Amino acid sequence: NISATAGSVSAGTTVVAGTGITATTGNIVATTGNINSTNGSVSANTTVTAGTNLVSTAGNLLLPTTTATVGQIQINASPVLHSYGTGNFFLGASAGNFTLTTANSAYNVSVGALTLSSLTGDVVGKTANRNTAVGYSALRFNTGGKENTMCGYKAGYGMTDGEANSG
């Protein structure tokens, strides 16, 4: 192992196959080129700078449970993939949100920018469970509707609390 207790291991450092790089407090940085992981892992707090690719040929991308601050993939500080809540899946720029009531908004699937972005589950007597929204802004203003399936550009856009609708 090459260890950096409070610093960085930078590009230009050669690591022989079968060894590891560990940065306890600092960063592992490749200014240009790739950081490769063939049979290992690159852990949390590893910094990959612009102009660098993070490549893993055998392994997984492990994210923590989604919260408002972690467990999501972002592009330009906008979440594009996360699973906030129970059994939810959100894919698309600003799809879903991080303010929904998790006990009342579960098992939703959202694919497309701004889909299910108003989901709260806070409508009295209703739960926002088991919705499927596919397409730009589909079910965008759904706050408490459940078991809706909408597919297409702005499908179900203005519906706020409908139940068992499709379109």
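These are legends for a set of close-up views of one predicted model.

**View 1. The whole chain, an all-strand layout.**
Start here to get your bearings. Counting secondary structure elements gives 12 strands and 0 helices, so there is no helix to look for in a list that reads β-β-β-β-β-β-β-β-β-β-β-β from the N terminus on. The chain has 167 residues, and 32% of them count as buried. Its accessible surface adds up to about 9200 Å², with carbon and sulfur atoms supplying 54% of that. Take the contacts in the chain with a separation of 6 or more: 7% of them link residues 24 or more positions apart.

**View 2. Strand 8 and its partners on either side in sequence.**
Strand 8 covers residues 78–82, and it is largely enclosed by the rest of the structure, because 4 of its 5 residues are buried. Strand 7 runs antiparallel to strand 8, with 3 bridges joining the two. Strand 9 (residues 89–91) also pairs with strand 8 in the antiparallel sense, this time over 2 bridges. Leu 81 is a good residue to centre on: its bridge partner in strand 7 is Ile 73, and in strand 9 it is Leu 91. For anyone following side chains along these strands, a rule of thumb helps: in a regular strand they alternate between the two faces of the sheet.

**View 3. Two hairpins, two positive phi values.**
Zoom in on the turns at the ends of strand 8. The hairpin of strand 7 and strand 8 has 2 residues between the strands, and Asn 76 takes a positive phi near 50 degrees there. In the hairpin of strand 8 and strand 9, with 6 residues between the strands, the positive phi belongs to Gly 85, near 100 degrees.

**View 4. Gln 72, a buried polar side chain.**
Gln 72 sits in the loop between strand 6 (52–56) and strand 7 (73–75). Why does Gln 72 count as buried? Its relative accessibility is 12%, and the cut-off for buried is under 20%. What does the side chain of Gln 72 reach? One polar contact goes to the backbone oxygen of Ala 68, at 3.3 Å. Another is with Thr 67, whose backbone oxygen lies 3.2 Å from a polar atom of the Gln 72 side chain. Setting aside neighbours within four places in sequence, the contacts of Gln 72 are Leu 63, Thr 67, Pro 79, Leu 81, His 82 and Phe 98. Leu 81 from View 2 turns up again in that list.

**View 5. A nonpolar patch on the surface.**
Which residues form the nonpolar patch? They are Leu 61, Leu 63 and Ile 73, with about 280 Å² of accessible area together. Leu 61 is found in the loop between strand 6 and strand 7. At 64% relative accessibility, Leu 61 counts as exposed. Two patch members also show up in earlier views: Leu 63 is in contact with Gln 72, and Ile 73 is the bridge partner of Leu 81.

**View 6. The salt bridge between Arg 130 and Glu 147.**
The salt bridge count for this model is 1. In general, side chains of opposite charge can pair when their charged atoms come close. Here the pair is Arg 130 and Glu 147, with the closest N and O atoms 2.7 Å apart. Arg 130 lies in the loop between strand 10 (109–111) and strand 11 (132–134), and Glu 147 in the loop between strand 11 and strand 12 (149–151), so the pair ties together parts 17 residues apart in sequence. Both ends are partly exposed: Arg 130 has a relative accessible area of 38%, and Glu 147 comes in at 32%.

**View 7. Around Leu 114, with two unusual phi values to check.**
Leu 114 is placed in the loop between strand 10 and strand 11. Beyond its neighbours within four places in sequence, Leu 114 is in contact with Ala 93, Ser 94, Ala 95, Tyr 136, Ser 137 and Arg 140. Val 80 is 34 residues from Leu 114 in sequence, and their C-alpha atoms are 9.8 Å apart. Ser 94 lies in the loop between strand 9 and strand 10 and is partly exposed, with a relative accessible area of 30%. Its phi is near 60 degrees, a positive value in a residue other than glycine. Leu 116, in the loop between strand 10 and strand 11, also takes a positive phi, near 50 degrees. Is Leu 116 buried or exposed? Leu 116 counts as buried, at 0% relative accessibility.

Technical notes: Residues are numbered from 1 along each chain as its sequence is written. This is a predicted model: local features need pLDDT of at least 70, side-chain atom pairs count only at pLDDT 80 or more; totals for chains, interfaces and linings use all residues. Side-chain values use heavy atoms; hydrogens and water are left out. Buried means under 20% relative accessible area, exposed over 50%, partly exposed in between (1.4 Å probe, protein chains only). A polar contact is a pair of N or O atoms within 3.5 Å; within protein, one must be able to donate a hydrogen and the other to accept it, and residues adjacent in sequence count only if both atoms are side-chain atoms. Contact means heavy atoms within 4.5 Å. Accessible areas come from the Shrake-Rupley method with a 1.4 Å probe; for residues, only the protein chains shown count as cover. Two strands pair if DSSP finds at least two bridges between them. A salt bridge is a side-chain nitrogen of Lys or Arg within 4 Å of a carboxyl oxygen of Asp or Glu. Patches are made of residues with over 30% relative accessible area and no salt bridge: like charges are joined within 9 Å, nonpolar side chains (Val, Leu, Ile, Met, Phe, Trp, Tyr) within 5 Å.
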